[in-house]
Amino acid sequence: MLPALCQIGNCIPSPKERFLTDIPTKLHVSACTQRVKPPTVRATNGCDVWDVTPQTDIVTKENSKNATIYHTWTLNSAHGSIGAGGQENLFLSQVVEVIDEPPKFQTDLSDISVTCEAFTTTPPEMDAIDDCDGDVPIQYSEMKSSSNCPFVVYRQWSAEDSFGQVSNIHQLVRVGFSN
């Protein structure tokens, strides 16, 4: 709330301008699910209130969707008193880390032991989701230690997003071994 004297138009600006807006100084956001727009920052000199326009610098990490965005607001008074009369410029800054996560599998697997009769060659169906691409294709491979029981099967599923980030999930199946 501005002083009553300001509200009737007879205000004498304070030599100490200040920001009215508190913002988080550091944020982490997803590269695809968040739009990175600087917040509106307001300032006052005790009489007037105004928006402060940020300067935005974007630093993209090589071979990545990840980036760091720097928003900086410099307080410039409509009355021109910033930097004059001994007051130094005021700055407000925010660092935004934009991160593209690798795909995530929707099912957790554990290693299992089964009898020779109970073993099925059909692996569980797996799904993976990427924050940018949605459903991503999955590659499946397996290695079997022997064609005769008992044996061990090592199963691996790999999901790769459009930027080449890979996630893997594994399962070890012990077939025909006594516990």
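**Entry 1: accessibility of glutamate 142**

I take a residue as buried under 20% relative accessible area, as exposed over 50%, and as partly exposed in between. I looked up glutamate 142 in this predicted model. Its relative accessibility is 36%, so I record glutamate 142 as partly exposed.

**Entry 2: salt bridges**

How many salt bridges does the structure hold? I find two.

I examined the pair that involves glutamate 142. The side chain of glutamate 142 meets that of arginine 155 in a salt bridge, at 3.9 Å from N to O. This pair links distant parts of the chain, as arginine 155 lies in strand β13 (residues 151–160) and glutamate 142 in strand β12 (residues 138–144), 13 residues apart. Is arginine 155 buried or exposed? Its relative accessible area is 4%, so I note arginine 155 as buried, whereas glutamate 142 is partly exposed.

I then turned to the salt bridge between arginine 42 and aspartate 51, where the closest N and O atoms are 2.9 Å apart. Aspartate 51 has 46% relative accessibility and therefore counts as partly exposed. Arginine 42, with a relative accessible area of 34%, is partly exposed. As a general remark, side chains of opposite charge can pair when their charged atoms come close.

**Entry 3: the sheet with β12 and β13**

I traced the sheet to which β12 and β13 belong. It is an open sheet of four strands, in the order β9-β14-β13-β12, with mixed pairing. Which strands stand at the edges? They are β9 (112–114) and β12; each has a single partner strand, so one side of each is left without a neighbour in the sheet. I noted an average twist of 20 degrees from one strand to the next.

I also checked how β9 is joined to strand β14 (residues 166–175). The two run parallel and are joined by three bridges. For valine 114, I find valine 175 as the bridge partner in β14.

**Entry 4: glutamine 139**

I looked up glutamine 139, which is placed in strand β12. At 56% relative accessibility, glutamine 139 is exposed. Which residues does glutamine 139 touch, not counting residues up to four places away in sequence? I list Gln156, Trp157 and Ser158. I also recorded the separation of glutamine 139 from glutamate 160: 21 residues in sequence, and 8.6 Å in space from C-alpha to C-alpha.

**Entry 5: nonpolar cores**

I searched for nonpolar cores. The largest has nine residues, namely Phe19, Ile23, Val41, Ala43, Trp50, Val52, Trp73, Leu75 and Leu92. Which elements give two or more residues to this core? They are β3 (41–44) and β4 (49–52). Another core, of seven residues, lies apart from it; Phe105, Val136, Trp157 and Ala159 are among its members. In soluble globular proteins, nonpolar side chains tend to be buried together.

**Entry 6: the chain as a whole**

I closed with totals for the protein chain. I count one helix and 14 strands. Of the 179 residues, 28% are buried. The exposed area is about 11400 Å², of which carbon and sulfur atoms supply 50%. Among contacts with a separation of 6 or more, 58% are between residues 24 or more positions apart.

Technical notes: Residues are numbered from 1 along each chain as its sequence is written. This is a predicted model: local features need pLDDT of at least 70, side-chain atom pairs count only at pLDDT 80 or more; totals for chains, interfaces and linings use all residues. Side-chain values use heavy atoms; hydrogens and water are left out. A salt bridge is a side-chain nitrogen of Lys or Arg within 4 Å of a carboxyl oxygen of Asp or Glu. Buried means under 20% relative accessible area, exposed over 50%, partly exposed in between (1.4 Å probe, protein chains only). Two strands pair if DSSP finds at least two bridges between them. Axes are lines fitted to C-alpha atoms, for helices over the stretch in contact, and angles run from 0 to 180 degrees between N-to-C directions. A nonpolar core is a set of buried Ala, Val, Leu, Ile, Met, Phe, Trp, Tyr and Cys residues joined through side-chain atoms within 4.5 Å. Contact means heavy atoms within 4.5 Å. Accessible areas come from the Shrake-Rupley method with a 1.4 Å probe; for residues, only the protein chains shown count as cover.
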